[in-house]
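Me: Could you take me through one part of this structure closely, namely the surroundings of the ligand? I am in my first year, so please explain the terms as you go.

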Amino acid sequence: MSNLANSKVLECKGLSKSYKQGDIETHVLKDLALSVDKGELLAVVGSSGCGKSTFLHLAGALDTPSSGKVLINDVDIHQLSDKERAKFRNEHIGFIYQFHHLMMEFTAQENVAMPLMIKGGSSKQALAAAKEMLEQVGLSHRIDYRPAQLSGGERQRVAIARALVTKPSLVLADEPTGNLDSDTAEQIYQLIRSLNDSANTSFVIVTHDLALASRMDRQVKLVKGHLVSFADEMPSTEKIDNENNQDNESHV
Ligand SMILES: Nc1ncnc2c1ncn2[C@@H]1O[C@H](COP(=O)(O)OP(=O)(O)OP(=O)(O)O)[C@@H](O)[C@H]1O
Ligand SMILES: [Mg+2]
């Protein structure tokens, strides 16, 4: 990890998000603050419905905050035009969605190659890189399959390969091992580690898997709209449940 002034890959400042449904306004994120160092592996945990996906969507410029800022590599992403933001996202951020969002009419290889083609690479090179990435997630035998012909875990691995193929500086992952058996989850963890080692890629990983969370460099928890730091070691599951009932305002 570097100590340079611009050593942050992600900074969220005063980030708030509310949804309005009829007369009811739900404040999902409240003045949330977070800094992630370049090369850091951060786990975000929290109970279902607490706003983890909402947070990742704002951090990845897929949704707009009600107020506050998100800086990625010092760029205020919500100040960019739609076109600039799409380009920036494609070049700097890998996004692993909770529900995959693969393109059903394309093969696994074409899905993974897509971000590289959008970036302007030749389709031959993009397909070759996609093939290599699919090998790394253990899917070399499935490159010509369409999403409908793949299992849930296989689709998830295609989505992971697609997020990583551009070698982004920041990967935002929503439950990346959610549907995977322990061996495949371990492979994904090793892939995260190896990308982190070789390219200093930062990961922000939302997960209910406390074993995975505990293997990240740092763990934070989303509680009542704020991110709360964990103590040095991962708490037991019991402690996590107890913390759900507290309103800890410390920002991380
Ligand atoms: N587009 C939307 N319109 C209205 N409310 C929304 C919208 N998206 C999310 N919410 C609400 O915001 C809250 C947080 O949702 P979010 O999907 O971020 O939770 P989560 O922590 O990712 O949950 P899970 O662990 O179950 O995936 C929920 O109460 C949800 O109903
Ligand atoms: Mg979610």
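Reply: Here is a walk around ligand 1, followed by a short look at a ring pair. This is a predicted model, in which local features need pLDDT of at least 70, side-chain atom pairs count only at pLDDT 80 or more, and totals for chains, interfaces and linings use all residues. Residues are numbered from 1 along each chain as its sequence is written, chains are lettered from A and ligands numbered from 1 in the order in which they are written, and side-chain values use heavy atoms, with hydrogens and water left out.

Let's start with the neighbours. The residues around ligand 1 (a heavy atom within 4 Å of it) include Tyr 19, Val 28, Gln 98 and His 208. Among them is also a run from Ser 47 through Ser 48, Gly 49, Cys 50, Gly 51, Lys 52 and Ser 53 to Thr 54.

Three of these neighbours can be followed down to atoms. A polar backbone atom of Gly 49 is 2.8 Å from an oxygen atom of ligand 1. From the side chain of Ser 53, a polar atom lies 2.8 Å from a ligand 1 oxygen, while for an N or O atom in the side chain of Thr 54 the distance to an oxygen of ligand 1 is 2.6 Å. On its own, ligand 1 has 640 Å² of accessible area (Shrake-Rupley method, 1.4 Å probe), and the protein covers 62% of that.

Now for the rings. The rings of Phe 95 and Tyr 97 have centres 4.8 Å apart and planes at 40°, so this pair is tilted (centres within 6.5 Å; planes under 30 degrees apart are stacked, over 60 edge-to-face, the rest tilted). Phe 95 is buried, at 8% relative accessibility (buried is under 20%, exposed over 50%, partly exposed in between, with a 1.4 Å probe and protein chains only).

Note on methods:
Phe/Tyr/Trp six-rings, centres within 6.5 Å; stacked < 30°, edge-to-face > 60°. Polar contact = N/O pair within 3.5 Å; in protein donor to acceptor, adjacent residues only side chain to side chain.
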